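Please look at the sequence and the structure below, and keep both in view while you read the report that follows.

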Amino acid sequence: MMMTKYLTAMNEANSSISFYFAAICVPIGIVTNIVAAALFLTDHHLNKTNIGFLYGLLSLLETLSLLLDFFLIQFLPNLNQMYSLQLQSDWLCKTTTYLVRVITQSSFWLQAYISLDRYIHMRYPHRFKKLHKRKNILKIYKLIILFLCLINVENLFYYLKVSSIRLDNNNSTALSIETATEAKLAETMALSPIGSAVVLGSSDSTNDSASSIIIVVMSCTADTHLLFVSDMIEATSRTWFPIIAITILNVFTVKLLLKSKAKMRVSSSKRHSEYTVT
């Protein structure tokens with residue numbers, strides 16, 4: 001009983017943190033990304049460079065990702081779970097889950113591509129010039145988006161699950177409410193990270209011997225094996241691969257910078273020595 005109360009309190013605290021984070025931090029992120037996108041894409045000197053164009057595109061993707069996070073995952077569903085777009089219909093359950101994952105993953109892959117572009121530009125400054133053309137950059141990124149759309153197709157097999165729980169109690173109303181909270185918590189914890197549960201309504205029916213409460217729970221979920229596969233793909237595509245790729249490429253880029261700086265120092269030292277002798 002005490003554990004149930006503790007888990008319920010932790011669940012409510014987590015929802016509160018997510019709500020206030022979305023209400024305060026996400027709008028700041030949206031505004032700053034819009035400003036960054038406007039700066040990179042409208043400034044003539046920045047926009048004519050590939051890095052300026054790529055960072056402008058990244059800012060637009062981050063803005064879209066934050067907007068989806070704000071309206072579909074954190075703020076509105078935590079404000080009132082009836083506002084969860086994923087729970088409005090089976091079709092919205094599938095499409096919103098699919099779009100959220102593709103768009104959020106594409107942002108991380110673009111960061112990895114920026115790191116790759118910087119490394120190639122420094123390592124082979126006079127080679128692969130076709131890769132530095134803007135139309136070819138867009139073609140490559142379109143292929144990345146297509147790849148992400150294909151590997152996330154399993155999210156289109158999510159479905160809107162509606163279940164009801166009837167709880168009978170012969171003791172007291174307080175015990176019924178506590179048991180209902182436990183059932184709701186169990187349902188919520190069993191869902192995928194994107195899914196959420198909502199109590200559409202409850203009804204009490206009382207007779208001479210017993211009372212009962214009925215809870216209707218809705219969730220955007222999938223088969224257990226499919227949930228495991230989709231979560232593994234999400235973790236790999238959104239976190240593991242981009243972070244590993246960015247880290248490795250940045251290490252190599254820093255090494256090239258240090259090597260180039262060392263060569264410049266040696267060259268400068270030689271010129272200074274020749275000038276002194278002369």
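## Two helices that cross

Helix 4 passes helix 5 in a right-handed crossing, where right-handed means that the near helix is turned clockwise from the far one by less than a right angle, and left-handed that it is turned anticlockwise. The model is predicted, so local features need pLDDT of at least 70 and side-chain atom pairs pLDDT 80 or more, whereas totals for chains, interfaces and linings use all residues. Residues are numbered from 1 along each chain as its sequence is written, and side-chain values use heavy atoms, without hydrogens and water.

The axes of the two helices, which are lines fitted to C-alpha atoms over the stretch in contact, with angles from 0 to 180 degrees between N-to-C directions, come within 10 Å and cross at roughly 140°.

| Helix | Residues |
|---|---|
| Helix 4 | residues 90-123 |
| Helix 5 | residues 134-151 |

Helices are DSSP runs (H or I, at least four residues), numbered from the N terminus. Among the residues in contact (heavy atoms within 4.5 Å) are Tyr98 and Trp109 of helix 4 and Ile137 and Phe147 of helix 5.

Five salt bridges are found in the whole structure, each a side-chain nitrogen of Lys or Arg within 4 Å of a carboxyl oxygen of Asp or Glu. In one salt bridge, the side chains of aspartate 231 and arginine 101 meet at 3.2 Å, N to O. Because aspartate 231 lies in helix 7 and arginine 101 in helix 4, this pair ties together parts that are 130 residues apart in sequence.

Conventions: Helix = DSSP H or I, 4+ residues; strand = E, 2+ residues; numbered from the N terminus.
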